[in-house]
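This report examines selected residues, the nonpolar interior and the enclosed space of one protein model. The sequence and structure are shown first, and the discussion follows.

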Amino acid sequence: YLVAEKGQVKAVGDALNDGTAIAAGMALAKDLGNLPGNICTPTYLTKEAKKMARGPTKLTAKALNEKQLRELKMGSLLSVSAGSVEEAQLIVMEYKGGKKGDKPVVLVGKGITFDTGGISLKPGGGMDEMKYDMCGAASVIGAMRAITEMQLPLNVVAVVAAAENMPNGNATKPGDIVTSMSGQTIEVLNTDAEGRLVLCDALTYVERFKPKAVVDVATLTGACVVALGRHATGLYSNNDELAEQLLEAGQNAGDKAWHMPLWDEYQ
């Protein structure tokens with residue numbers, strides 16, 4: 001039994017509802033991350049996103065297939081899925097809980113549902129853990145579930161760039177040059193650096209929403225573990241105010257981050 005003073009009943013009820021919603025989002029993110037790569041494919045992530053949008057919610061979900069991605073000239077994202085029989089998906093979820101004219105916050109998630117490294121093949125030991133290379137996408141989808149269930153007074157867009165990185169006869173080769181949605185050409189020297197290839201097209205795509213802020217979440221590189229160990233996330237930002245808000249949120253949630261430098265010397 002939960003006992004509260006009369007004036008506190010609503011506050012306690014709201015806190016319980018928020019806690020339940022946050023737990024549901026966390027559970028979904030963990031479940032998606034733990035699923036094996038033969039089940040949790042890009043199209044599976046699409047089905048999960050659309051399932052969340054069913055019923056009377058403020059959430060809508062759609063996915064762009066490879067034909068549509070080609071029409072958008074997303075050659076960078078498509079270069080990653082080229083070696084896989086699994087079709088890439090760009091999943092777009094829109095939550096409209098704020099005022100109509102309010103600019104949205106955009107969340108972008110890396111969704112590599114399995115990462116062999118492609119032609120730049122990873123070592124076999126521990127490769128089973130590469131099912132976790134879509135945990136950025138899982139985090140974003142889980143966040144959208146929590147946001148929807150909490151009915152936050154915000155406009156939020158989530159975009160997931162989902163693909164499988166495999167080495168078949170059609171796969172991108174080291175030295176290949178691809179063209180991103182922004183029109184920039186990219187020389188792919190290592191096909192195991194696929195995260196930035198799917199994210200750059202997704203980040204170009206979200207410009208159409210005229211966002212207030214964009215936050216992307218990705219299992220981008222093991223080099224971050226070399227730098228910070230397993231206790232903190234690397235946070236890169238070109239906006240110090242937003243970075244401070246994210247760092248504070250991480251402290252409050254017990255999911256700590258460390259603000260990394262973006263000096264000109266690192267260009």
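Contact here means that heavy atoms lie within 4.5 Å. The model under discussion is predicted, and every value below is computed from it.

**Surroundings of S81**

With neighbours within four places in sequence set aside, S81 is in contact with E66, E86, A88, A163 and E164. One of these partners, E66, also takes part in a polar contact of 2.9 Å between its side chain and that of S81. S81 itself belongs to helix α4, which spans residues 75-81. The relative accessibility of S81 is 3%; because buried means under 20% relative accessible area, S81 counts as buried.

**A contrasting loop residue**

N38 is located in the loop between α1 (9-34) and α2 (42-52). Its relative accessibility is 65%, and since exposed means over 50%, N38 counts as exposed. N38 and T113 are separated by 75 residues in sequence, while their C-alpha atoms are 8.9 Å apart in space.

The two residues can be set side by side as follows.

| Residue | Location | Relative accessibility | Class |
|---|---|---|---|
| S81 | helix α4 (residues 75-81) | 3% | buried |
| N38 | loop between α1 (9-34) and α2 (42-52) | 65% | exposed |

**Nonpolar cores**

The largest nonpolar core comprises 26 residues, and those with the most contacts inside it are L69, L77, L90, V159, Y205 and F209. At least two residues of this core are supplied by each of α4, β2 (89-96), β3 (105-115), β4 (155-165) and α6 (195-205). The largest share, 5 residues, comes from α6. For L77, once residues up to four places away in sequence are left out, the residues touched are L69, A88, L90, A161, L197, V198 and D201. A88 therefore appears in the contact lists of both S81 and L77. A second core, separate from the one described above, has 25 residues, among them L32, V140, A158 and A162.

**Enclosed space**

How many cavities of 30 Å³ or more does the model contain? The count comes to 1. The largest cavity has a volume of about 70 Å³. Its lining consists of 13 residues, and S79, V80, N165, T172 and T191 are those that lie nearest the centre. By character, the lining of the largest cavity divides into 6 nonpolar residues, 6 polar residues and 1 charged residue.

Definitions and conventions. Residues numbered from 1 in each chain as written. Predicted model: local features only at pLDDT ≥ 70, side-chain atom pairs only at ≥ 80, totals over all residues. Heavy atoms only, no water. Helix = DSSP H or I, 4+ residues; strand = E, 2+ residues; numbered from the N terminus. Buried < 20%, exposed > 50% of the residue type's maximum accessible area, 1.4 Å probe, protein only. Polar contact = N/O pair within 3.5 Å; in protein donor to acceptor, adjacent residues only side chain to side chain. Core = buried A, V, L, I, M, F, W, Y, C linked by side-chain atoms within 4.5 Å. 1 Å grid on protein atoms, 1.4 Å probe; cavity = no way out; pocket = protein on both sides within 12 Å on 5 of 7 lines; lining within 4 Å. Points joined across faces, edges and corners; volume = space filled by probe spheres on them. Nonpolar A, V, L, I, M, F, W, Y, C, P; charged D, E, K, R; others polar.
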